[in-house]
Amino acid sequence: MSDIPFIHLFSTDTNKYVYDVNSNDIIKVDDIAYDYFHLLLSGFEPDECKYLLTNEYDSSAITKSIAFIQEIEKAELYFSKTRPQEIALFCCENSMKYTYSNYINQLTLEVTQRCNLNCRYCIFSGIYEQSRPHTKKDMTWKIAKSGLDFMFQYGGRDPNDSILLRDRFKPKEKSDFTIGFYGGEPLLNFELIQKCITYCRQNAPTDKKVGFVITTNGTLLSDDIIEYFIANNVAITISFDGPQNIHDKFRIHANGKGTHQEALNAIKRINYVARKMNLPETLYCLINCLVLGGFHFRELFDYFVSLENLLDNEYVHFDLVINTLTGGLKKWNDCYPEEQLEKPAGYEELLEEYKSACLAGKYKNDNNHTFYFDILNIFAYNNLYFDLHARTRHQFSDENEILETSHPGCICKLGSRRPFLTVDGRILPCERVFSENPSFYVGRIDTGLDLNKIKSMLDDFTNSTIEECRDCWCYRICDVGCINDNYEEGVFDARKKMDKCRQVRARRHSELVGMMKLLEQDPTVLDHYNEVAVS
Ligand code: SF4
Ligand code: SF4
């Protein structure tokens with residue numbers, strides 16, 4: 001075991017802190033303790049540290065400060081030297097098998113590869129290597145049925161997984177697993193969707209509740225279809241990228257005509273139908289806003305705020321997810337040198353406003369937010385202190401010490417969270433990993449998930465930084481996460497992961513500083529991040 005406490009040091013203008021990895025706590029320390037730890041982390045022996053400190057501090061103050069640290073160490077409160085021994089996501093083969101036999105959260109069906117639009121940034125637009133272009137293929141009933149039967153057998157939710165606020169989606173009744181409908185444009189194969197829903201209603205195991213979600217561009221969403229979805233508890237996600245100039249730059253028909261008005265109309269139709277049906281409860285839907293570059297966040301923010309009457313009323317509530325395609329921007333600029341896009345601007349400005357709103361108590365009374373501050377909160381959730389304050393901390397909250405066998409708090413259990421079933425029966429880790437490259441397939445619906453393949457992908461990811469992870473202060477709050485992001489042309493690239501590790505550590509460090517600066521002004525200022533529920 002290392003002889004150095006498993007800690008990280010950081011400071012604000014007014015205070016010095018130790019982030020203690022084992023307890024996952026942040027401890028305010030005095031200058032002497034801070035410098036002592038700093039010297040220890042730089043490789044000096046404890047006695048050398050004490051000696052070096054005498055250059056700056058009075059020896060009795062040093063003795064007092066170090067005695068205090070030792071007392072805390074002895075009481076096993078903080079500054080433990082324990083580090084993880086074995087880095088593994090599953091403690092044994094059986095635990096892995098159990099997860100993949102019981103806890104497949106959602107199966108997304110690619111009901112068609114056809115699309116009625118020609119979005120310019122679309123993963124199927126042909127600008128991405130290894131990704132298929134749009135085709136005319138539809139999923140057959142045989143494959144869809146196999147997918148549903150697969151979920152009847154293996155679908156479920158791990159009771160230890162937390163439901164995150166920013167991932168929340170409020171179906172009328174909590175489901176045990178979910179069937180997603182995805183495309184192309186899934187409504188081009190509405191018949192198959194209906195058949196799937198009827199089949200689930202009639203054949204799903206009686207002890208499992210099935211939820212449904214659909215992601216659509218909204219252009220084919222008629223009142224009848226909306227009514228059908230509401231009646232069958234299908235949660236609707238509309239792809240909608242905000243104001244016309246942003247949305248229509250990318251989301252277009254084959255003839256180049258923008259689709260902003262049609263997508264906005266879909267949102268209006270949902271409002272209209274929900275009112276007409278006079279639903280006993282508010283209908284929850286989602287807007288998925290995908291942005292690339294060449295815009296100002298303030299413009300996007302102001303636009304969504306201006307839609308308050310449509311997005312948040314007594315009949316309908318739309319949640320909003322903002323996805324910034326940072327990787328896609330480079331690809332775009334390579335493909336369209338004559339239409340170079342700048343990185344989106346103005347995010348920092350919104351974050352500053354968000355921090356001021358926190359300090360002004362705008363989030364203190366949960367029921368009292370205005371729509372404006374709710375949207376501001378959503379924009380800030382994308383990056384700010386949520387992970388730090390709640391999410392990853394939560395994953396380890398029962399443990400005072402890192403477990404001997406554990407894994408950094410980030411990795412995706414790929415293939416169990418949201419496997420994606422393609423029209424021709426292949427299984428991919430999720431709908432984001434859309435590739436023609438066989439290296440990404442994790443099974444076939446006729447033979448099931450290939451656990452050896454999944455294990456080898458997880459091993460590639462884990463083993464590439466095993467030594468670094470053992471001694472990395474970011475262990476609990478790491479979000480290097482998605483395995484897919486570390487592949488280059490279908491081959492795992494350890495350097496990519498190492499680069500990410502460096503970025504994550506730098507970002508987490510500055511987030512810790514920012515978070516403590518806020519908490520120094522008001523210790524309750526981030527309490528609204530505490531609302532993480534466990535399913
Ligand atoms: S940042 Fe990298 S080295 Fe650190 S815990 Fe995460 S994966 Fe491991
Ligand atoms: S983290 Fe990556 S692999 Fe896992 S579900 Fe998300 S995109 Fe897919």
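Let's start with glutamate 76, which sits in the loop between α3 (59–74) and β4 (86–87). This is a predicted model, and glutamate 76 makes a handy way in, since it turns up again below in the lining of a pocket. Zooming out, the chain has 18 helices and 19 strands, and 53% of its 535 residues count as buried. Looking at contacts with a separation of 6 or more, 73% of those in the chain are between residues 24 or more positions apart.

**Glutamate 76 and the second largest pocket**

- Glutamate 76 has a phi near 55°, a positive value in a residue other than glycine.
- Glutamate 76 counts as exposed because its relative accessibility is 71%, and the cut-off for exposed is over 50%.
- The second largest pocket has a volume of about 310 Å³.
- Fourteen residues would be a lot to list, so here are the ones closest to the pocket's centre: Glu73, Glu76, Tyr78, Ser80 and Glu401, out of the 14 that line it.- By class, that lining splits into three nonpolar, five polar and six charged residues.

**Around the two ligands**

- Which residues surround ligand 1? They are Pro408, Glu468, Cys469, Cys472, Tyr475, Cys478, Val480, Lys497, Cys501 and Arg505.
- Two elements, α17 (466–470) and α18 (494–521), give two or more residues to the shell around ligand 1.
- Helix α18 gives the most to that shell, with three residues.
- Sorted by class, the shell around ligand 1 has seven nonpolar residues, three charged ones and no polar ones.
- Ligand 2 has Cys412, Arg417, Cys430, Arg432, Val433 and Cys482 around it.
- The shell of ligand 2 is made up of four nonpolar and two charged residues, with no polar ones.

**The nonpolar cores**

- In soluble globular proteins, nonpolar side chains tend to be buried together.
- Here, the largest nonpolar core takes in 126 residues, and Leu109, Phe229 and Phe304 have the most contacts inside it.
- Helix α18, already met beside ligand 1, supplies the largest share of this core, eight residues.
- Another core lies apart from that one, with 20 residues, including Ile32, Leu39, Tyr57 and Ile62.
- What does leucine 109 touch, not counting residues up to four places away in sequence? The list is Met139, Ala144, Leu148, Ile179, Gly180, Phe181, Tyr182, Cys196 and Leu421.

**Helix α10**

- Helix α10 (residues 297–306) is mostly covered, with seven of its ten residues buried.
- Those buried residues are Phe297, Arg298, Leu300, Phe301, Tyr303, Phe304 and Val305.
- Phe304 in that list is also one of the residues with the most contacts inside the largest nonpolar core.

**Contacts between residues far apart in sequence**

- Aspartate 471 belongs to the loop between α17 and β17 (487–488).
- Is aspartate 471 buried or partly exposed? It counts as partly exposed because its relative accessibility is 47%, and that class runs between 20% and 50%.
- Along the chain, aspartate 471 and arginine 83 are 388 residues apart, yet their C-alpha atoms are separated by 6.7 Å.
- Leaving aside neighbours within four places in sequence, aspartate 471 is in contact with Phe6 and Arg83.
- Glutamate 520 is part of helix α18.
- With a relative accessible area of 29%, glutamate 520 is partly exposed.
- Glutamate 520 and threonine 14 lie 506 residues apart along the chain, and 8.8 Å separates their C-alpha atoms.
- Once neighbours within four places in sequence are set aside, the contacts of glutamate 520 are Thr12, Thr14, Asn15 and Tyr17.

**Backbone oddities**

- Most residues other than glycine have a negative phi, and most peptide bonds are trans.
- Asparagine 278, like glutamate 76, has a positive phi: its value is near 50°, while that of glutamate 76 is near 55°.
- Where is asparagine 278? Its place is in the loop between α9 (260–277) and β10 (283–291).
- Asparagine 278 is exposed, given its relative accessible area of 55%.
- The peptide bond from glycine 183 to glycine 184 is cis, with omega near 20°.
- Glycine 184 is found in the loop between β7 (177–182) and α6 (190–203).

Definitions and conventions
Residues are numbered from 1 along each chain as its sequence is written. Chains are lettered from A and ligands numbered from 1 in the order in which they are written. This is a predicted model: local features need pLDDT of at least 70, side-chain atom pairs count only at pLDDT 80 or more; totals for chains, interfaces and linings use all residues. Side-chain values use heavy atoms; hydrogens and water are left out. A residue is near a molecule or strand if one of its heavy atoms lies within 4 Å of it. Helices (H or I, at least four residues) and strands (E, at least two) are DSSP runs, numbered from the N terminus. Ala, Val, Leu, Ile, Met, Phe, Trp, Tyr, Cys and Pro count as nonpolar, Asp, Glu, Lys and Arg as charged, and the others, Gly among them, as polar. A nonpolar core is a set of buried Ala, Val, Leu, Ile, Met, Phe, Trp, Tyr and Cys residues joined through side-chain atoms within 4.5 Å. Buried means under 20% relative accessible area, exposed over 50%, partly exposed in between (1.4 Å probe, protein chains only). Contact means heavy atoms within 4.5 Å. On a 1 Å grid over the protein atoms alone, a cavity is a set of points where a 1.4 Å probe fits but cannot get out, and a pocket is an open set with protein on both sides within 12 Å along at least five of seven lines; lining residues have an atom within 4 Å of a point. Grid points are joined across faces, edges and corners, and a volume is the space filled by probe spheres set on the points.
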